[in-house]
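Visitor: I should like to go through this model with a guide, one point at a time. Please begin once it is on display.

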Amino acid sequence: MVKRSIRFIPLFKIFDGSEVSIPMISYGDSGKRVLIVTPLHGNEVTPIYLIWRVMEYIESSDALKGSLDIVLGVNFYGLLFNMRVDPLSGRDINRSFPGGDEYGSSGHIAKSIYELAHKGYDLVLDIHGAGYSIPHIIIDYLDLEVTDYLIEVAKYSGIPYIWDYYDMEKYYGFGLDRTLTGSLVKLGVPSLTYELPTSGYSDKDMVNSFNGLINILSYLDVLDCDKLDVEDYPKEVNGLFRRRLYSEHGGFIEAFKEPGEYFIQYEDLAVIKNILGEVLERIRVDKEGYIISIRRTGVVKPYEGVTSIATVR
Ligand SMILES: [Zn+2]
């Protein structure tokens, strides 16, 4: 039976003398090495359920061949308050890499993870929850040798992959070069963003997400096991570009599409209504593509995202 070892990474010393630290769970100490980090966004908790399942799998099988380090609960205060950002600084940790004083506490957390990620790993995986979504992998669209390798890893997983971002000016504008993967890939460190749907523990999407992750670990020779099936996602998504569509007005969302569904040019993906139910705005785009994630109902603020799509440039 494989045993876990746990060490704690100190994050903060607080004025009452207590310390906040987060656990790093490690399996094995030889062979290929993978680092998993999650969650940088404190309101995305499905990755934690997935990690428990992976730990159970490793500990109850003899599949371990290389080494795996998992840092759990990175956005400690975000988890506590169910917030995307780091509540201490009000900043997005995943826009604060490589870390530094100008990002306050989120820069401090980012720096700890960034330094760890440089310790010779064969792959760094950053796992997120993407809401009502298909599971998908995001690869930073940087024309580097390492990206060919990342495509091979993504393809083997069976999980659809998309490029970040459809517009490179916006890639830098949104600070996507300051994500964990963005900051690593540009230096040639292999790194992927793995996005999970926010669904139940045993739902089909969760099983597929688990199988995709096991496939990645087996492709990397961290695990020695057969390839697992990942079903039901459009393969045409592969190699398209991620794009977020926003509501200009804000209002009540009514969505017409499901994650994984194809759409044509100028098709209504959702409408934004006022409180009387009148349509204020149609969410549509001048290209065809696939829905990656979408908000079905609820209130959206002006210029808040309604859907993430995969489309041609
Ligand atoms: Zn996230």
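Visitor: How many ångströms apart are the end C-alpha atoms of α1, and what span should its 15 residues have?
Guide: The model is a predicted one. At 1.5 Å a residue, the 15 residues of α1 should span 21 Å. The distance between its end C-alpha atoms agrees with this expectation, as it is 22 Å.

Visitor: Which residues of α1 are buried?
Guide: A residue counts as buried when its relative accessible area is under 20%. In α1, the buried residues are Thr46, Pro47, Ile48, Leu50, Ile51, Arg53, Val54, Met55, Ile58 and Glu59.

Visitor: Over the face of which ring does Arg53 lie?
Guide: Arg53 is one of the buried residues of α1. It lies 5.9 Å from the centre of a ring, over the face of Phe210.

Visitor: Over which ring does the charged end of Lys227 sit?
Guide: A charge is counted over a ring when it is within 6 Å of the ring centre and within 35 degrees of the ring normal. The charged end of Lys227 is 4.4 Å from the centre of the ring concerned, that of Tyr156.

Visitor: Which residues coordinate the zinc ion?
Guide: The donors lie at 2.0 to 2.4 Å from the zinc ion. Along the chain they follow the spacing H-x2-E-x83-H. His41 is in the loop between β3 (33-38) and α1 (46-60), while His128 is in strand β5 (residues 123-129), so that the pair, 87 residues apart, links distant parts of the chain. The coordinating atoms are ND1 of His41, OE of Glu44 (listed twice) and ND1 of His128.

Visitor: Are His41 and His128 buried or exposed?
Guide: The relative accessible area of His41 is 3%, and that of His128 is 2%. Because the limit for a buried residue is under 20%, His41 is buried and His128 is likewise buried.

Visitor: What is the geometry of the site of the zinc ion?
Guide: Four donors count as tetrahedral if all angles lie between 85 and 135 degrees. The angles among the 4 donor atoms of the zinc ion are 56 to 149°. The site is therefore classed, under the rule for such angles, as irregular.

Visitor: On which faces is strand β4 covered?
Guide: Of the 6 residues of β4 (residues 67-72), 6 are buried. Ser67, Asp69 and Val71 are buried on one side, and Leu68, Ile70 and Leu72 on the other. The strand is thus covered on both faces.

Visitor: Which residues stand opposite Leu68 of β4?
Guide: Strand β2 (residues 19-27) runs antiparallel to β4 and is joined to it by 4 bridges. β3 pairs with β4 in the parallel sense over 6 bridges. Leu68 is the bridge partner of Tyr27, and the residue opposite Leu68 in the pairing with β3 is Val34.

Visitor: What is the strand order of the open sheet of 4 strands?
Guide: The pairing in this sheet is antiparallel. Its edge strands, each paired on one side only, are β13 (279-283) and β15 (299-300). Strand β10 (residues 251-255) pairs with β15 over 2 bridges, and Phe252 has Val299 as its bridge partner. The order is β13-β12-β10-β15.

Visitor: What kind of pair do the rings of Phe76 and Tyr77 form?
Guide: Phe76 is partly exposed at 31% relative accessible area, whereas Tyr77 is buried at 15%. Their ring centres are 5.1 Å apart and their planes stand at 90°, so the pair is edge-to-face.

How values were computed
Residues numbered from 1 in each chain as written. Predicted model: local features only at pLDDT ≥ 70, side-chain atom pairs only at ≥ 80, totals over all residues. Heavy atoms only, no water. Donors = N, O, S within 2.8 Å, 3.2 Å for Na, K, Ca; no water. Tetrahedral: all angles 85-135°; square planar, octahedral: opposite > 155°, others 65-115°. Buried < 20%, exposed > 50% of the residue type's maximum accessible area, 1.4 Å probe, protein only. Phe/Tyr/Trp six-rings, centres within 6.5 Å; stacked < 30°, edge-to-face > 60°. Pairing = 2+ DSSP bridges. Expected span 1.5 Å × (residues − 1).
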